[in-house]
Amino acid sequence: MTKRGSHQNQPILIAHDGPLQGSNWEINSSITIGRDAGCDISIQSRQVSRQHAEIFPGDDSQIFINDLKSKNGTFVNEKRIDEKHPLKDGDAIKIALVQELLFVSSDSTLPLDLPPVITQKKGRKLFIDEKARRVWIGDRELLPALSVSQYKLLVLLYRAEGSVVPREEIVSTVWGEKAVEGVTDQALDALVRRLRARLKKTDPGHEYLITVRGVGFVFDNDAYAD
């Protein structure tokens with residue numbers, strides 16, 4: 001395992017919500033995750049076991065994660081695992097609900113230390129490089145990276161630019177179809193507020209997420225005069 005920075009096309013882990021937010025790692029050998037300072041990914045929280053989980057390559061380039069009998073659990077897409085579990089592109093991993101990691105397969109990765117090839121639409125300011133999972137406003141990259149749920153919301157609205165996206169569609173896309181009945185309006189509104197706050201840190205002069213009361217949200221990506 002090496003910290004991201006080479007030009008090889010390797011599967012990677014990207015740290016989202018949590019104490020390691022913004023960090024990323026290539027997966028080219030076994031990676032241990034835990035509170036112990038000797039772990040490849042060390043998370044300094046008492047909720048994390050000393051040796052909490054392991055991520056490792058198997059046969060045919062498949063990447064697996066295994067919980068190491070941790071006290072507070074390892075979760076993949078919100079489900080706790082207790083044995084070797086295969087990872088697929090876009091899987092969200094949570095370590096004891098303290099640190100969220102995104103798994104990006106080798107088929108989907110681009111070298112993160114190379115300038116991306118960006119083809120922005122004329123008159124548009126925000127751009128998402130979906131292959132590399134990077135967000136740009138003008139020539140500024142949105143860092144640290146968005147959480148998985150924030151990124152899913154932004155991509156959904158970005159693709160539907162100018163059209164109202166119903167609240168139900170947002171919930172099913174971000175949380176999954178089975179969660180439609182269980183996700184409250186307050187939870188969705190809180191997610192929208194967090195995403196708005198992240199965008200405003202980089203671009204305080206424009207409101208990208210427009211609320212259509214009682215219906216959903218519209219993404220406004222028109223450029224404006226500074």
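Mentor: Let us begin with Glu207, which counts as partly exposed at 30% relative accessibility. Please keep in mind that this is a predicted model.

Trainee: Which residue does the side chain of Glu207 meet in a salt bridge?

Mentor: The partner is Lys200, with an N to O distance of 3.5 Å. Lys200 is partly exposed as well, with a relative accessible area of 34%.

Trainee: By what criterion is such a pair accepted, and how many salt bridges does the rule give?

Mentor: The nitrogen of a Lys or Arg side chain must lie within 4 Å of a carboxyl oxygen of Asp or Glu. The count by this rule comes to 9. One of them joins Asp91 and Lys88 at 3.3 Å, N to O.

Trainee: Is Asp91 buried or exposed?

Mentor: Asp91 is buried, because its relative accessibility is 3% and the limit for that class is under 20%. Lys88, in contrast, is exposed at 52%.

Trainee: Which residues are linked in a network of salt bridges?

Mentor: Glu78, Lys94 and Glu100 form such a network. Within it, the side chains of Glu100 and Lys94 meet at 3.9 Å, N to O. Glu100 is buried at 10% relative accessibility, while Lys94 is partly exposed at 22%.

Trainee: How should I read the strands in that region?

Mentor: As a general idea, the strands of a sheet pair through backbone hydrogen bonds, in a parallel or an antiparallel manner. Here β8 (residues 74-76) and β11 (residues 92-95) run antiparallel and are joined by 3 bridges. Lys94 of β11 is the bridge partner of Phe75. On to the next strand: β11 and β12 (residues 99-104) also run antiparallel, with 4 bridges between them, and Leu102 in β12 is the bridge partner of Ala92.

Trainee: How many residues lie between β11 and β12 in their hairpin?

Mentor: There are 3 residues between them, and Ala96 in the turn has a positive phi of about 55°.

Trainee: Why does a positive phi deserve attention?

Mentor: Most residues other than glycine have a negative phi. Leu97, in the loop between β11 and β12, has a positive phi of about 60° and is exposed, with a relative accessible area of 59%. Asn77 also has a positive phi, near 50°. Asn77 is placed in the loop between β8 and β9 (79-81) and is partly exposed at 34%.

Trainee: What is the strand order of the open sheet of 3 strands?

Mentor: The order is β16-β18-β17, with antiparallel pairing. The edges are β16 (165-166) and β17 (209-212), each with a single partner strand, so one side of each has no neighbour in the sheet. Between β16 and β18 (residues 216-219) there are 2 bridges, and Gly216 of β18 is the bridge partner of Pro166.

Trainee: Which strands of this sheet does α3 touch?

Mentor: Helix α3 packs on the sheet and touches β17 and β18, and its direction makes about 150° with that of β17.

Trainee: How does the span of α3 compare with the expected value?

Mentor: The general idea is a rise of 1.5 Å a residue. The 18 residues of α3 (residues 185-202) reach 27 Å from the first C-alpha to the last, close to the expected 26 Å. Several residues of α3 are buried, among them Leu188, Leu191, Val192, Leu195 and Leu199. The buried residues also include Arg196 and Arg198.

How values were computed
Residues numbered from 1 in each chain as written. Predicted model: local features only at pLDDT ≥ 70, side-chain atom pairs only at ≥ 80, totals over all residues. Heavy atoms only, no water. Buried < 20%, exposed > 50% of the residue type's maximum accessible area, 1.4 Å probe, protein only. Pairing = 2+ DSSP bridges. Expected span 1.5 Å × (residues − 1). Contact = heavy atoms within 4.5 Å. Axes fitted to C-alpha atoms, helices over the stretch in contact; angles between N-to-C directions.
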